[in-house]
Amino acid sequence: MRTISRRSFIAAASAGLGAIPFSIWFEKYAGAQAVQTRYNIQTPIGDQMAAKYASAVATLMSLPEQDPRSWIFRWYSHWVKGGVTKEAEIERIYPDPADPRRTLAIETWSTCVPHLAGSNKLHFLPWHRMFVYFYERVLGHALADPEFTLPYWNYSPDSNSTFDRSLPPQFRARLDPLFNSLYRSARRSAVNAGRPIDEGKEAYQRLHLAPSMSQTRYTPQGAIPGFNNRLNSHVHGNVHTLIGNNLGMANISWAGNDPIFWMHHSNIDRIWESWNSAGFTNPTTTSWLDRSFILVDELGQRVTARVRDFTSPALLGYSYDSLEVVPPPPPAATVLAQTASSNKPEAVAVAQKVVLGARAKRVTLNLANGRLGSFDQRVRYLRPGRRLHLVLQDLSAHAPPGVMYDVYLNLPSGAGTKEALRHWVGDINFFDAVGHKHHASDQPNFVSYDITDIAEALLVKQKLGPQAVVTIVPAGPPAASARPEIGRVLIVEQ
């Protein structure tokens, strides 16, 4: 590994305080490099890269905390660990106010965009692409290997590529002299034992790509969440929650300490690239494209990166060994129809403030306009081209619940597993909801599910009824301190 002294690093950090624009930085440090490929960890090359990854992680973990290449610095750039404040950790690690690395830490620690108060969640995907990109470069620098690429872990059963729902064995090898750097005890015991992370819930499609890939727009449109938000709230948050525990992946403050975090986000980035490669487009507004973030490179230099520089892996000199097959975009006429005024969302039924606990919560929604008929009548006479969406707004929690919640429509009391699946509409994780109770945001905080087909099927079987009833069931014992809440539950016609 190339050695850089503390003095050299301080000099690099000092030089970087003026911030290097990414375009200039890229031309100087990365533009001439050959295009690299990120590999599925289940391939032979991916396995080789995983071995290199383990070696690089061990190196980063051995570096002093003050070093911008260190494990702590990279973990804290996502979020500082729980139980302490960012300010206290900066004071502890960088007590000298003149240390330029202190300024880097102030600017870059705890800056994961979706978790910041008042942040725009539409930057979830580009921020993490930046974050993983510079992390990959730090790893390659630690290895003195310019050909190193970060593998990805594909866990989705509906993938067209090789997948595995169990944590890769390289991350479970606690006693292996090479791979033990990738092991963390702060996971569910079953996960570290090699069991599928969604074991027993395969039918609930916790890890499926289809709910995200079926989105035709990046941004929300009324009750329709859009690709970015759906991927964030579903597969992304589910994997965090299913690996756990609350001192690990299930907790924003600790997630960056687990080496699997980075391979999870390498895969999330691959899913985004798959969606784009199928013809679906990113936002074109300057407010999205010109949003900039401060990152720190492998030399300790401060780099200003704009979203427009990270809209495609091709711009950055890397690709993936396999992309997902996604249905092509709809015809232009369909796209126009989706933006027409006739597509305006219309509330059908609503309930306010739902507090969840250790038992199933049954919520009866009030009809928004009883003159238009009962709930089953609204389903029976749904206008052509309109769909029904179950929308859960303003999710919050005091602490990570550590479990998933399943959501059902008009679930009968005492229903067995087979019957319950006919009423199941989706799941909730509260990974991105902790501490957000009073946070304003540039984008609405909601999750939604298209319940049209389920509602119509229940109507045919005469199992719908005049009222809309939503039942929310924890998939295990939640943490007592979590106290998760849903601000509003709505059924929306759009």
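Which residue lies over the face of tyrosine 318? In this predicted model, that place is taken by arginine 38, at 3.9 Å from the ring centre. A second charge-over-ring arrangement involves arginine 187, whose charged end sits 5.9 Å from the centre of the tyrosine 183 ring.

Stepping back to the whole chain, the protein has 19 helices and 14 strands. Its radius of gyration comes out at 23 Å, close to the 23 Å that the globule rule gives for 494 residues, so the protein is as compact as a globular protein of that length. Along the principal axes, the C-alpha atoms fill a box of roughly 75 × 45 × 45 Å. Buried residues make up 56% of the 494. Of the contacts between residues at least 6 apart in sequence, 77% join residues at least 24 apart.

Now for the interior. In soluble globular proteins, nonpolar side chains tend to be buried together. Here the largest nonpolar core counts 91 residues, and Phe22, Tyr53 and Tyr133 are the ones that touch the most other members. Helix 7 (residues 124-143) supplies the largest share of this core, with twelve residues. Apart from that core lies another, of 37 residues, whose members include Ala351, Leu390, Ile454 and Ala455. Tyrosine 53 is worth a closer look. Setting aside neighbours within four places in sequence, tyrosine 53 contacts Tyr135, Leu139, Phe148, Leu150, Phe171, Leu182, Pro259, Trp262 and Met263. Tyr53 also belongs to an aromatic cluster, together with Trp71, Trp127, Phe131, Tyr135, Phe171, Phe261 and Trp262.

Aromatic pairs turn up 33 times in the structure. One of them brings together tryptophan 75 and tryptophan 254: the ring centres are 5.6 Å apart and the planes meet at 45 degrees, so the pair is tilted. This pair links distant parts of the chain, with tryptophan 75 in helix 4 (residues 71-78) and tryptophan 254 in helix 12 (residues 252-255), 179 residues apart. Tryptophan 75 counts as buried, at 5% relative accessibility. Tryptophan 254 also counts as buried, because its 18% relative accessibility falls under the 20% cut-off. Another pair is made by tyrosine 218 and tryptophan 275, with ring centres 6.4 Å apart and planes at 55 degrees, so this pair is tilted too. Tyrosine 218 sits in the loop between helix 9 (210-213) and helix 10 (227-243), while tryptophan 275 is in helix 13 (residues 260-277), 57 residues away along the chain. Both tyrosine 218 and tryptophan 275 are buried.

A different loop, the one between helix 8 (189-192) and helix 9, holds leucine 207. Leucine 207 is buried, with a relative accessible area of just 1%. What is leucine 207 in contact with, leaving aside its neighbours within four places in sequence? The list runs to Tyr155, Ser156, Pro157, Asp158, Arg165, Ile197, Asp198, Val235, Val239 and Leu242. Proline 477 is 270 residues from leucine 207 along the chain, and the C-alpha atoms of the two are separated by 21 Å.

On to the strands. Five of them form an open sheet with antiparallel pairing, in the order 8-6-14-9-12. Strand 8 (366-367) and strand 12 (446-450) stand at the edges with a single partner strand each, so one side of each is left without a neighbour in the sheet. Strand 9 (residues 388-396) and strand 14 (residues 485-493) pair in the antiparallel sense over eight bridges. Glutamate 485 in strand 14 stands opposite serine 396.

Strand 10 (residues 405-409) is mostly covered, with five of its five residues buried. Which residues cover which face of strand 10? Tyr405, Val407 and Leu409 lie on one side, Asp406 and Tyr408 on the other, and all are buried. Strand 10 runs antiparallel to strand 11 (residues 424-428), and four bridges join the two. Tryptophan 424 in strand 11 is the bridge partner of tyrosine 408. Strand 10 is also joined, by five bridges, to strand 13 (residues 469-474), again antiparallel. There, valine 407 has isoleucine 472 of strand 13 as its bridge partner.

Technical notes:
Residues are numbered from 1 along each chain as its sequence is written. This is a predicted model: local features need pLDDT of at least 70, side-chain atom pairs count only at pLDDT 80 or more; totals for chains, interfaces and linings use all residues. Side-chain values use heavy atoms; hydrogens and water are left out. Two strands pair if DSSP finds at least two bridges between them. A nonpolar core is a set of buried Ala, Val, Leu, Ile, Met, Phe, Trp, Tyr and Cys residues joined through side-chain atoms within 4.5 Å. Buried means under 20% relative accessible area, exposed over 50%, partly exposed in between (1.4 Å probe, protein chains only). Contact means heavy atoms within 4.5 Å. Rings of Phe, Tyr and Trp (its six-membered ring) pair if their centres lie within 6.5 Å; planes under 30 degrees apart count as stacked, over 60 as edge-to-face and the rest as tilted. A charge sits over a ring if NZ of Lys or CZ of Arg is within 6 Å of the ring centre and within 35 degrees of the ring normal. The radius of gyration is taken over C-alpha atoms; the globule rule is 2.2 Å times the number of residues to the power 0.38.
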